[in-house]
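User: I have a structure to go through with you. Please keep the answers short.

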Amino acid sequence: MNKSKHYLLPDISQPGKIGCRLPELDVPAVELPPRELLRQELALPEVSETELVRYFTSLSRRNYGVDTGFYPLGSCTMKYNPKWHENIARFPGFQEIHPCQPVDTVPGALQLMYELQELLAEITGMNAASLAPMAGAQGELAGLLMVKAYHRSRGENRRRKILVPDSAHGTNPATATMCGFEVNTIPSNGDGNLDLVSLTRLMNEDIAALTLTMPTTLGLFDPQIAEISNIVHEKGGLLIGDGANLNSLLGKVKFGDLGFDCVQLNLHKTFSTPHGGGGPGAGPVCVKSNLADFLPSPVVSKDKREYQFAKPSASIGRLGAAYGNFGVMVKAYAYIRSLGAEGLKEVSENAVLNANYIKEKLKPYYHLPYDRTCLHEVVFSGNKQKAKGVTTLDIAKRILDYGFHPPTIYFPQVVEEAIMIEPTETESKETLDAFIKAMIEIAGEVDKEPELLHNAPHSTPVRRLDEVNAARKPNLRWKMR
Ligand SMILES: *Cc1c(COP(=O)(O)O)cnc(C)c1O
């Protein structure tokens, strides 16, 4: 933990101190607005330049990120992304182009987008792709709007329901509802797979599609996928994949080969753009031929050696004003090209190996509800510890004292007291071992010193926050004490 002095503006403010010196006025003076219009309560702190710089620098050091430490937040893929790809996205020819400039002045950008569409279609085993969606959830939205347009084009207007497994990522049912579909939930079976009996019972001519997160939100591969695909397709439904967590399947398994008609990817998880922090993202959709005409626009097409923006014949339309988050596309392209087919395979191998390593090392200490080989993440339950009066929240707060970002907790909801750990492919064995050691020590503290956990964290600048109030009533204004 960073123990450096925290500069607090109200403490260092002194009337008359000044952080910058303005040159003498050499233009006509302008009257200030009348006094009654000036806000009296806007008493700004008065500090020197050095103090101001130290204040902001000390604040920035309180930030925790992948560049400062291990960040095993499940379902988020908080992995390290090569800085070199940031440099490439900043090449002037990429960074300084404008969405409104004539398209024939940016053939390189169009070529990159076209080739990225092709690469993503190849990686997912699909026939066509659109880079238009700007987030994973927006890619899901594009997928379900295509499902709707597809059934409509065939006169099948009665298909108004979407099947969603109970282990799905929360965005899946939310997106289906946004599209005006009714959501029917399919339970998981005791192994954490989809319950085929329920699927067979629920699948009929009213169902537009089944949306399936793969790997599931339990970090598992559902080996019944071929059967699932048959059951859905036999009744005329479509199989829609959520491929946000592709770092477990890259170069190994293709969504197209598994029977999916459409899948969205999160470039800002798998392909060299950091996820989290609210930065720009991209959620391209890749589809089989049956959905290609419905893809969101624009897509880039190629005619001989000319690249053009095009609108597919039955397109669901635009998802944003311009062309999507181009810088994110550049980084994804650079990532795929620099790793190559072999490198992408290694990404998956390491992501899966790391998650299984943690699973095996921690399973004597934390309950593992689905004890089978996992993919990119592993979900434990804190119910053994809960029985001793220590909750998963206490454990997550205590991890902060060991200098790690906590895993995802209480999600997926099908696991009680869930602790969802995603180590990602970019961490070394030493880092994983240090985290495992911390988790084992914490398991020991549950027996010996439960108070330590109830009051954690002990070493952070702020302790337990009122998270609900912080979200509902954010206090974002500086006030003189
Ligand atoms: C992260 C994630 C999403 C949502 O992606 P956003 O870009 O945050 O909208 C959807 N599904 C799964 C499985 C995810 O992990």
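**Cavities, pocket, ligand and backbone**

Analyst: The largest cavity holds about 70 Å³ of space. The model is predicted.

User: How many cavities of 30 Å³ or more are there?
Analyst: The largest cavity has about 70 Å³, which is one entry in the tally. With a cut-off of 30 Å³ or more, the number of cavities is 4.

User: Which element gives the largest share of the lining of the largest cavity?
Analyst: Residues lining the largest cavity include Glu140, Asn172, Thr211, Ile240, Gly241 and Asp242. Helix 6 (136-153), helix 7 (171-178), strand 4 (207-213) and strand 5 (238-243) each supply at least two residues of that lining. The largest share is 3 residues, and it comes from strand 5.

User: How many residues of the lining of the largest cavity are polar?
Analyst: The lining of the largest cavity has 3 nonpolar and 2 charged residues. Gly241 is one of the lining residues, and glycine counts as polar here. The polar count is 5.

User: Which helix gives the most to the lining of the second largest pocket?
Analyst: The second largest pocket has about 380 Å³ of space. Of the 21 residues that line this pocket, Phe94, Ile97, His98, Pro99 and Phe326 are the closest to its centre. Helix 3 (83-89), helix 4 (92-95), helix 5 (107-124) and helix 12 (326-362) each supply at least two lining residues. The most, 3 residues, come from helix 5.

User: How many residues of the lining of the second largest pocket are nonpolar?
Analyst: Polar residues number 5 in this lining, and charged residues 2. Phe94, Ile97, Pro99 and Phe326 are among the lining residues, and Phe, Ile and Pro count as nonpolar. The nonpolar count is 14.

User: Which residues come nearest to the ligand?
Analyst: There are 15 residues around the ligand. One of the nearest is Asp242, which also lines the largest cavity. The full set of nearest residues is Gly136, Ala137, Asp242, His268 and Lys269.

User: How far is a polar backbone atom of glycine 136 from an oxygen atom of the ligand?
Analyst: Take the side chains first. An N or O atom in the side chain of histidine 268 is 2.6 Å from an oxygen atom of the ligand. For a polar side-chain atom of lysine 269, the distance to a ligand oxygen is 2.6 Å. For glycine 136 the polar atom belongs to the backbone, and its distance is 2.7 Å.

User: Where is proline 412 found?
Analyst: Most peptide bonds are trans. The bond joining phenylalanine 411 and proline 412 is cis, with omega about 0 degrees. The bond from serine 297 to proline 298 is cis too, and proline 298 sits in the loop between helix 11 (289-292) and strand 8 (299-303). Proline 412 is in the loop between strand 11 (408-409) and strand 12 (418-421).

User: What is the phi of threonine 77?
Analyst: Most residues other than glycine have a negative phi. Threonine 77 lies in the loop between helix 2 (49-60) and helix 3. Its phi is positive, at about 50 degrees.

User: Over which residues does pLDDT stay under 50?
Analyst: The protein averages a pLDDT of 93, and 96% of the residues score at least 70. The stretch under 50 has 8 contacts beyond four places in sequence. That stretch is residues 1-6.

Technical notes: Residues are numbered from 1 along each chain as its sequence is written. This is a predicted model: local features need pLDDT of at least 70, side-chain atom pairs count only at pLDDT 80 or more; totals for chains, interfaces and linings use all residues. Side-chain values use heavy atoms; hydrogens and water are left out. On a 1 Å grid over the protein atoms alone, a cavity is a set of points where a 1.4 Å probe fits but cannot get out, and a pocket is an open set with protein on both sides within 12 Å along at least five of seven lines; lining residues have an atom within 4 Å of a point. Grid points are joined across faces, edges and corners, and a volume is the space filled by probe spheres set on the points. Helices (H or I, at least four residues) and strands (E, at least two) are DSSP runs, numbered from the N terminus. pLDDT is the predictor's confidence in each residue, from 0 to 100. Contact means heavy atoms within 4.5 Å. A residue is near a molecule or strand if one of its heavy atoms lies within 4 Å of it. A polar contact is a pair of N or O atoms within 3.5 Å; within protein, one must be able to donate a hydrogen and the other to accept it, and residues adjacent in sequence count only if both atoms are side-chain atoms.
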